[in-house]
Amino acid sequence: MKIIRFRAWHPTGMFTPEFICNKTGRPIIQTMKRSGMIYNDCVLMQFTGVFAKDGTQIYEGDILDYNWKKDGERAVVRWDEKTARYRLEFYSKEGGEGWGDLSEYSDHKKKVGNIYENPKLLVGI
């Protein structure tokens, strides 16, 4: 059975939503852990079903060190609408940007952050 999980980013921080409703085309997110707060300006990220080398869950927007051929290579997990799958958008110091399948790099995935809390991890790469 497929595990369906989400996390949400709000300028106040990252959290796990407990209720998600979509009546207007925009998600309305509620969490009881944050005093029953209701957020309507969050970014939802879905669990990809893939785990990093250390066993942590990989979500959309995560930044991975993949060091496939050399140090200083990172990738961002993105949903590709055209192919309906999660892919990696590669960044490297030498300008070798491109795309690859998340599943093809299973032996090389180390999660180092995400694009919302750690955007500086992609600066200079």
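Accessible areas here come from the Shrake-Rupley method with a 1.4 Å probe, and for residues only the protein chains shown count as cover. On that basis the chain exposes about 7,700 Å², and carbon and sulfur atoms supply 51% of this area. The model is a predicted one, in which local features need pLDDT of at least 70 and side-chain atom pairs count only at pLDDT 80 or more, while totals for chains, interfaces and linings use all residues. Residues are numbered from 1 along each chain as its sequence is written, and side-chain values use heavy atoms, with hydrogens and water left out.

The chain has 0 helices and 12 strands, where helices (H or I, at least four residues) and strands (E, at least two) are DSSP runs numbered from the N terminus. Of its 125 residues, 39% count as buried, a word that stands for under 20% relative accessible area, with exposed meaning over 50% and partly exposed in between (1.4 Å probe, protein chains only). Among contacts (heavy atoms within 4.5 Å) between residues at least 6 apart in sequence, 42% join residues at least 24 apart.

An open sheet of 4 strands has the order 2-1-6-7, with antiparallel pairing; two strands pair if DSSP finds at least two bridges between them. Strand 2 (13-15) and strand 7 (57-59) stand at the edges with a single partner strand each, so one side of each is left without a neighbour in the sheet. Strand 1 (residues 6-10) and strand 2 pair in the antiparallel sense over 3 bridges, and the bridge partner of His10 in strand 2 is Gly13.

The count of salt bridges comes to 7, each being a side-chain nitrogen of Lys or Arg within 4 Å of a carboxyl oxygen of Asp or Glu. The table gives three of them.

| Pair | Closest N to O |
|---|---|
| Arg7 and Asp62 | 2.4 Å |
| Lys111 and Asp62 | 3.5 Å |
| Arg87 and Asp101 | 3.6 Å |

Asp62 appears in two of these rows, and at 0% relative accessibility Asp62 counts as buried. Lys111 lies in strand 12 (residues 110-114) and Asp62 in strand 8, so their pair ties together parts that are 49 residues apart in sequence. Lys111, at 25% relative accessibility, counts as partly exposed, whereas Arg7, at 9%, counts as buried.

Arg87 counts as buried at 15% relative accessibility, and Asp101 counts as buried at 15% too. Salt bridges that share partners join Asp80, Arg85, Arg87 and Asp101 into one network.
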